[in-house]
Amino acid sequence: MSTTTIERSIGNASTAGRHRITVREADDRHGRFEILLPDGATLPASRAPLLAAARHLLSEGVNPFAVVEMRHASRPNTVAAFGKVGALAKLDVREDQTSGPRFCKWRPPPQDRG
């Protein structure tokens with residue numbers, strides 16, 4: 001499992017903390033990844049695990065300027081992707097039959113909309 005170092009502060013990314021998540025391919029192997037949090041908990045498998053983890057961290061009260069970094073379980077010493085929690089939480093990935101994957105604005109599922 002990975003570890004997390006959190007520095008308590010309000011302000012920029014350099015003092016807002018750093019969170020590491022580890023991902024591994026889900027058992028169904030349909031381009032989805034299980035997300036392992038530093039405390040050992042897991043999130044549901046996602047096709048965009050870094051973005052899903054950022055939304056989870058933000059909902060848990062993590063500073064939006066904190067950095068979240070993603071590592072693959074098979075290569076724990078290599079950062080595969082990273083970004084600010086607040087910025088990543090606003091994004092989703094869409095793909096259709098006429099174009100490849102692209103970033104777009106995240107919208108909660110219909111059952112979660114108020």
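Colleague: Which residue stands opposite M70 in β5?

Modeller: This is a predicted model, in which local features need pLDDT of at least 70, side-chain atom pairs count only at pLDDT 80 or more, and totals for chains, interfaces and linings use all residues. Residues are numbered from 1 along each chain as its sequence is written, and side-chain values use heavy atoms, with hydrogens and water left out. β4 and β5 run antiparallel, and two strands count as paired if DSSP finds at least two bridges between them. Opposite M70 in β5 stands A81.

Colleague: How many helices and strands are there in the chain?

Modeller: Both are DSSP runs numbered from the N terminus: helices are H or I with at least four residues, strands E with at least two. From the N terminus on, the elements run α-β-β-β-α-β-β-α-β-β. The chain thus has three helices and seven strands.

Colleague: In which order do the five strands of the open sheet lie?

Modeller: Strands of a sheet pair through backbone hydrogen bonds, either parallel or antiparallel. In this open sheet the pairing is mixed, and the order is β3-β2-β1-β4-β5.

Colleague: Which strands are at the edges of that sheet?

Modeller: Neighbouring strands of the sheet are turned by 30° against each other on average, direction ignored; the axes are lines fitted to C-alpha atoms, and angles run from 0 to 180 degrees between N-to-C directions. An edge strand here pairs on one side only. That applies to β3 and β5.

Colleague: How many bridges join β4 to β5?

Modeller: The two strands form a hairpin, joined through two residues. They run antiparallel, and E69 stands opposite F82 in β5. The bridges that join β4 to β5 number six.

Colleague: Is S74, in the loop between β4 and β5, buried or exposed?

Modeller: The loop that holds S74 lies between β4 (67-72) and β5 (75-84). The C-alpha atoms of S74 and R24 are 7.6 Å apart, with their positions 50 residues apart along the chain. Buried means under 20% relative accessible area, exposed over 50%, and partly exposed in between, with a 1.4 Å probe and protein chains only. Because its relative accessibility is 66%, S74 counts as exposed.

Colleague: Is V67 buried or exposed?

Modeller: V67 has its place in strand β4. Its C-alpha atom is separated by 8.5 Å from that of R20, 47 residues apart along the chain. Because its relative accessibility is 9%, V67 counts as buried.

Colleague: Which residue takes a positive phi in the hairpin of β2 and β3?

Modeller: β2 and β3 pair in the antiparallel sense over three bridges, and L36 has T42 in β3 as its bridge partner. Five residues lie between the two strands. The one with a positive phi, near 95°, is G40.

Colleague: Which residue in β2 stands opposite V23?

Modeller: β1 and strand β2 (residues 33-36) run antiparallel and are joined by four bridges. Opposite V23 in β2 stands I35.

Colleague: Which element gives the most to the largest nonpolar core?

Modeller: A nonpolar core is a set of buried Ala, Val, Leu, Ile, Met, Phe, Trp, Tyr and Cys residues joined through side-chain atoms within 4.5 Å. This core has 20 residues, and among those touching the most other members are I21, I35, L50 and V68. The elements that give it two or more residues are β1 (18-25), α2, β4 and α3 (85-89). With six residues, the element that gives the most is α2.

Colleague: How many of the 11 residues of α2 are buried?

Modeller: Across the chain of 114 residues, buried residues make up 32%. α2 is mostly covered, and its buried residues include P49, L51, R55 and L57. Of its 11 residues, the number buried is eight.

Colleague: Which strand gives the most to the lining of the largest pocket?

Modeller: On a 1 Å grid over the protein atoms alone, a pocket is an open set of points where a 1.4 Å probe fits, with protein on both sides within 12 Å along at least five of seven lines, and lining residues have an atom within 4 Å of a point. The largest pocket is lined by 13 residues, of which S46, A52, R55, D92 and W106 lie nearest its centre. At least two lining residues each come from β3 (42-46), α2 (49-59) and β6 (91-94). With four residues, the strand that gives the most is β3.
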